[in-house]
Amino acid sequence: MNDDFYIYNDIKILPLYETPTRLETTVVSICLNGYTRVSINMQEYFIGPGTMMIAVPDQIIQSLEVSDEYQGVFMVVSKDYTDEIFPKVKVMLPIYFYTKEYPCINIKGQELNTIMEYYNMLWERTKRENESNKDVIQSLLVALLYEVYAIYRNRIPRKKEARNRKEMLFDQFMRHLSEHYKQERSVNYYAKELFLTPKHLSSVVKEVSGKTAGEWIDNFVLFEAKSLLKSSQKNIQEIADELNFANQSFFGKYFKHYTGMSPKEYRRK
């Protein structure tokens with residue numbers, strides 16, 4: 001789907017990273033038969049039937065072995081599309097931390113059936129061509145992430161005190177950002193709220209998530225701008241006001257800098 005979302009049921013047509021490769025996508029896979037061995041961030045994992053693997057952008061992955069009888073299903077989400085989905089999932093941060101620590105988890109019974117139901121719905125949806133298709137696929141992916149969160153939460157309860165200082169700061173930053181991104185686009189503002197220097201905040205956020213604080217701010221603002229341009233009747237001046245830009249011209253320059261097109265062009269495409 002426009003290079004944003006891919007779905008597979010044949011490992012032969014997937015790129016197998018036989019040398020350590022830094023991912024640029026989010027990959028969700030489920031082994032149904034046979035086995036494979038992979039290295040994620042230099043740690044080896046054995047993936048047998050019923051194992052769900054979730055690898056996220058910037059992790060280093062390497063395929064070590066694939067058995068002849070291996071069968072599985074795969075969903076691949078682009079980095080940009082992941083960034084679009086992020087603000088819609090209130091439990092995205094716990095999911096991020098869970099999957100970073102436990103990229104492979106065994107699922108069975110109703111858990112496996114539920115994930116496969118979403119896979120089948122997404123498979124059928126990608127065959128269609130209509131204006132609502134992208135929104136439906138995005139909604140299904142959001143719902144799937146909540147199911148994944150429920151599996152991790154039930155299987156691996158995460159205690160707040162077990163999180164290190166940097167993860168906690170990142171969590172606090174994201175909570176402030178989700179509440180104030182429409183009014184505040186300055187790293188200085190969020191650093192001040194967290195009693196940090198802007199440089200230290202960006203360094204911590206980059207280390208934990210792979211993006212700087214400024215990049216996260218822009219992601220949230222651009223996602224909201226794109227959403228308003230596509231799904232609301234507000235004119236561009238009203239959208240600029242809602243996102244606290246000084247004027248329509250400044251909003252237009254900001255939007256074009258990051259997307260390569262004006263707000264009008266984006267709305268028409």
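Two strands count as paired here if DSSP finds at least two bridges between them. On that basis, five strands of this predicted model come together as an open sheet, and reading across it gives the order S1-S8-S3-S6-S9, with antiparallel pairing. Strand S1 (5-8) and strand S9 (104-106) sit at the edges, each pairing on one side only. The twist is easy to put a number on: ignoring direction, neighbouring strands of the sheet are turned by 10° against each other on average.

Within the sheet, strand S3 (residues 25-33) and strand S8 (residues 71-78) run antiparallel and are joined by eight bridges. Cys-31 takes part in this pairing, with Gly-72 in S8 as its bridge partner. Then there is helix H3 (residues 109-126), which lies across S1, S3, S8 and S9 and runs at about 115° to S1.

Now for the nonpolar side chains. In soluble globular proteins, such side chains tend to be buried together. In this model the largest nonpolar core has 73 residues, and Phe-173 and Leu-201 have the most contacts inside it. Helix H4 (residues 133-155) supplies the largest share of this core, ten residues. As for Phe-173, leaving aside residues up to four places away in sequence, this side chain's residue touches Tyr-190, Leu-194, Leu-201, Val-205, Ala-213, Trp-216 and Ile-217. There is also a second core, separate from the 73-residue one. This second core has 17 residues, among them Met-53, Ala-55, Phe-74 and Val-76.

Methods. Residues numbered from 1 in each chain as written. Predicted model: local features only at pLDDT ≥ 70, side-chain atom pairs only at ≥ 80, totals over all residues. Heavy atoms only, no water. Helix = DSSP H or I, 4+ residues; strand = E, 2+ residues; numbered from the N terminus. Axes fitted to C-alpha atoms, helices over the stretch in contact; angles between N-to-C directions. Contact = heavy atoms within 4.5 Å. Core = buried A, V, L, I, M, F, W, Y, C linked by side-chain atoms within 4.5 Å. Buried < 20%, exposed > 50% of the residue type's maximum accessible area, 1.4 Å probe, protein only.
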